[in-house]
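User: I'd like to go through this one label by label and hear the reasoning behind each. Can you walk me through it?

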Amino acid sequence: MEELANLFHGFAVALQPYNIMLMIVGITLGVIIGVLPGLGGANGVAILLPLTFSMPPTSAIIMLSCIYWGALFGGAITSILFNIPGEPWSVATTFDGYPMAQQGKPGEALTAAFTSSFVGALFAVIMITLVAPLVAGFALRFGPAEKFAVYFLAFCSFVGLSKEPPFKTIAAMMMGFALAAVGLDSITGQLRLTFGVTELLNGFDFLIAVIGLFGIGEILLTMEEGLAFRGGNASINLRVVLQTWRELPAYWMTSLRSCLIGCWMGVTPAGATPASFMSYGIAKRLSRRGNNFGKGEIEGVIAPETAAHAAGTAALLPMLSLGVPGSPTAAVLLGGLLIWGLQPGPMLFVEQKEFVWGLIASMYLGNLAGLIVVLTCVPIFAAILRVPFSIIAPLILVLCAIGAYSVHNSTFDVMLMLVFGVLGYLLKKCNYPLAPLVLAIVLGDKAEEAFRQSLLGSQGSLGVFFSNGLVSTIMALGLVALFWSAIQDGYSRLRTSMA
Amino acid sequence: MTERSGSESGPAHKTLEFGMALLIGAFGLVVIFGSVKAGINWGAEGPRAGFFPFYVGAAIVGASAINLWNAQRDDDGRVFADWGQLRQVMSVLVPTAIYVASMPFVGLYVASTVFIAWFMRWLGGYRWLTTIAVAVGMPVVTYLVFERWFLVPLPKGPFEEWLGL
C-alpha cells in the first residue's frame, strides 16, 4: 500500500501549523466569497492567487483549494436564508432550503446542507485518493495523440452536456482557443495574432479573463436588480444540529445517489451546477415525498448540496491526474500550478509526491475544518450579507482591480479585465456559457501542442487519432459526448414514433 | 430598434443576440486573417503558427453564422433589460472605467479611495463620515495586507511618492 503511506505523509505535510493556519484562513475567505454576490469560487481564487506567488507550492495550493471548499459551503448560506444563491450551484438549494427557513427551520436546513456538502466532498476525496494514482499511472503512457483525445473529450462534453445552445457553447469555447493562441507560438517561436500590439506579446492571461468575466460581469448583472436587499436572521445551536444529524441517515440512498452523480459530473467537465440540478430532479422523481419538493423538504436540500460539493471536489481528479481541469475554479488552480513552476498532469504523481498528497490530505482536513467553521459561524457570515451592496460592490471592484494588476504588475491588464467584464455581462445575458471559454484559454496552448505534435508524427494525417484502441476509444467517447443532445433527441423521437 | 412589451421598455433581446453573434463572427474573421498572416500551411518543421488558430477562427465564424440564423428565427419579443436596469448598470460601468483609466496616473490607492467614496456617497447615499471611513480604510488595509504582509507591489502615483511609501 504505497498510496496509503503517501497519504499519511501528506497528512503530516497538511498538519504543519503554518498549513493549518492557511487552511482556516482559506476556508473563512472562501465562505465570505461564497456568501457575497459577485465574488465566486473561480474569481475569488484568481484574485487571491497573486498572494501565493511567494509561498511554497504545497502551502499555496492548500490555501487556494480551501478557498474553493469554503465557497462551496458558503453558497448554501445565502440560498437558504435569503433565497439568493451565492453561487450558481446553490440555485437548486433555494428550492427547498428557502421554504424550510420560511417555516422556521433555517437551522435544520443549514445543518442538512453543510453536512451533505461534507458527505459529498468526503465521498469525492476518497474516490480521488483511490482513483487518481491509477489514472495518473495510466496516463503516463499517453502520447500526444492520446493527450489531444483527452482534451477533445473534455471540450466535447461541454457541448453535449451543457444546457446552453450547442453552437453558443462552441462559439464561446473557440473564442477561448483563439485568445489562447495570441502571442508567441510555443512551437515555432513565431508571433501571431498580435497585430503589432506589444502588450499582446505574451497573449491573454486567463486569470485576467476569469476576474473580468466572472467578477466584473457578475457585479454588472447584480446591478440590474438594483441595490435593494432584504436581510434575515439565523442561528444554529447544538441541539438543532444533533437533531438534524439523527434524521439524516434515513436519506442515505439520496446521498449515495447524489454523490455518484456529483462525482461523474465533476470528472467530466460539466461541473457542479448541472450536477446539483440533475441530482435534485432525480431525487424529486424517485422520492416517495416527491410531491412535497419545493415546499421545504429536507431531501430537496440534501440532494443538490451533496452533488454540488461532490462535483466541485471531483473536478480536481482530472486536473491532478491528467492536467485537464473539471471546472473553472479547478482551471484557476491549474493555472496556479503553472505559475508555481509545477507541470500539471500525470508526472506530478511521480515527481511531486509531497505536493499531490499534501493537497489530497488537505482536502480531507479542509472539508472537516469547513464543516466546523460554517456550523459555528453562520450568524457572522449571515451578518456580512446585511452589509449593503453599495458598500460591497465598490470593494469587490477594487479587489478585482488589485487581483488583475498583480498578476503581471500591469495596468494594461486592469483595462483588459474591464473589457472582459463587459464581455462577460453581454455573453451571460445572451446565454453563452463562460466556463468553456475560460477552460479553453487555460488549455488552448496545450491542446494545440498535442494536436500539432500528433500531426507531425503522422505527417498530417488525421488517422493518428484513430490509430490504436486507446485513442480511438477516447475520441469515440468525445464524439458521443459532442452529439449527446442530438442522440437523446433522436432516441426520444424514435420512442414516440414507436409508441 | 426597440420593442415594447407591457410596461417595460428597453432594447430588444433579439437585437443584442444579433449583435453578439455578429461581433463574435467578426472576431472569428480577425482570427482567420491573423492566422493567414502567420501562415496556415505546412512549413519545414510541420504545421506553421497559424495552422491551428485558422481552424479555430473558421469554427467561430461557422458557429456564429448558425447563432445568427437562430437569433433572427426565434423572436420572443423579450427586452434585453429595461432602460432603468441599463442605467443602473451604466452607473457602475462608467465610474469603473474612469477608475481603471486613471490608475496608471494617480496610482491604485488614490483612485480606489475616490472610487469607493463616489460609489457610497452617490449610489448608496451614505453619510460623509461612513463614506470616508470605508474609502480610506480599505486602501490602508489593502496596503498592509498586500504590500507589507504578502509583498505584492501595487501601482503608486505622486501621492504615495509624496508620502514616501
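Analyst: Sure, here come the labels one at a time, bearing in mind that this is a predicted model.

User: Start small. Why is A:Val150 called buried?

Analyst: The cut-off for buried is 20 or more other C-beta atoms within 10 Å. A:Val150 has 22 C-beta neighbours inside 10 Å, so it counts as buried. Leaving aside residues up to four places away in sequence, A:Val150 touches A:Leu322, A:Val324 and A:Ile474.

User: Which helix holds A:Val150, and how do you know whether that helix is covered or not?

Analyst: A:Val150 is in helix H7 of chain A, residues 144–161. The helix is mostly covered, with 16 of its 18 residues buried.

User: What makes the length of H7(A) fit a helix?

Analyst: Its 18 residues reach 26 Å from the first C-alpha to the last, and at 1.5 Å a residue you'd expect 26 Å, so the span is close to expectation.

User: How do you know whether chain A agrees with a compact globule?

Analyst: Put the radius of gyration against the rule. For 499 residues a compact globule would have one near 23 Å, and chain A comes out at 22 Å, so the two agree. The C-alpha atoms fill a box of roughly 70 × 60 × 50 Å along the principal axes. Chain A is built with 22 helices and two strands, and 63% of its residues count as buried. Among its contacts with a separation of 6 or more, 79% join residues 24 or more positions apart.

User: And chain B, what is it made of?

Analyst: Five helices and four strands. From the N terminus the order is β-β-α-β-β-α-α-α-α.

User: Why is chain B called more spread out than a compact globule?

Analyst: Same rule, other outcome: for 165 residues it gives 15 Å, while the radius of gyration of chain B is 24 Å, well over that, so chain B is more spread out than a compact globule. Its C-alpha trace spans about 60 × 60 × 25 Å. As for burial, 33% of the residues of chain B make the cut.

User: Where do the domains of chain B lie?

Analyst: The domain assignment gives domain 1 (2–73) and domain 2 (83–163). Taken over C-alpha atoms, their centres are 36 Å apart.

User: Which residues touch the most other members of the largest nonpolar core?

Analyst: That core has 221 residues, and A:Met174, A:Val210 and A:Val438 touch the most other members. Helix H4 of chain A (57–82) gives the most to the core, 17 residues.

User: Why is this core said to lie between the two domains of chain B?

Analyst: Because domain 1 (2–73) and domain 2 (83–163) of chain B both give residues to the core, it lies between them. On the chain A side, A:Met174 touches B:Val56, B:Ala59, B:Ile60 and B:Ala63, not counting residues up to four places away in sequence.

User: How many residues does each chain put into the contact?

Analyst: Chain B puts in 57 and chain A puts in 50. On the chain B side, H3(B) brings the largest share, 18 residues.

User: How do the residues on that side of chain B divide into nonpolar, polar and charged?

Analyst: The side of chain B that touches chain A has 41 nonpolar, 13 polar and three charged residues.

Notes
Residues numbered from 1 in each chain as written. Chains lettered and ligands numbered in written order. Predicted model: local features only at pLDDT ≥ 70, side-chain atom pairs only at ≥ 80, totals over all residues. Domains from an automatic or database assignment. Rg over C-alpha atoms; globule rule 2.2 N^0.38 Å. Buried ≥ 20, exposed ≤ 12 C-beta atoms within 10 Å, placed from the backbone. Core = buried A, V, L, I, M, F, W, Y, C linked by C-beta atoms within 7 Å. Contact = placed C-beta atoms within 7 Å. Nonpolar A, V, L, I, M, F, W, Y, C, P; charged D, E, K, R; others polar.
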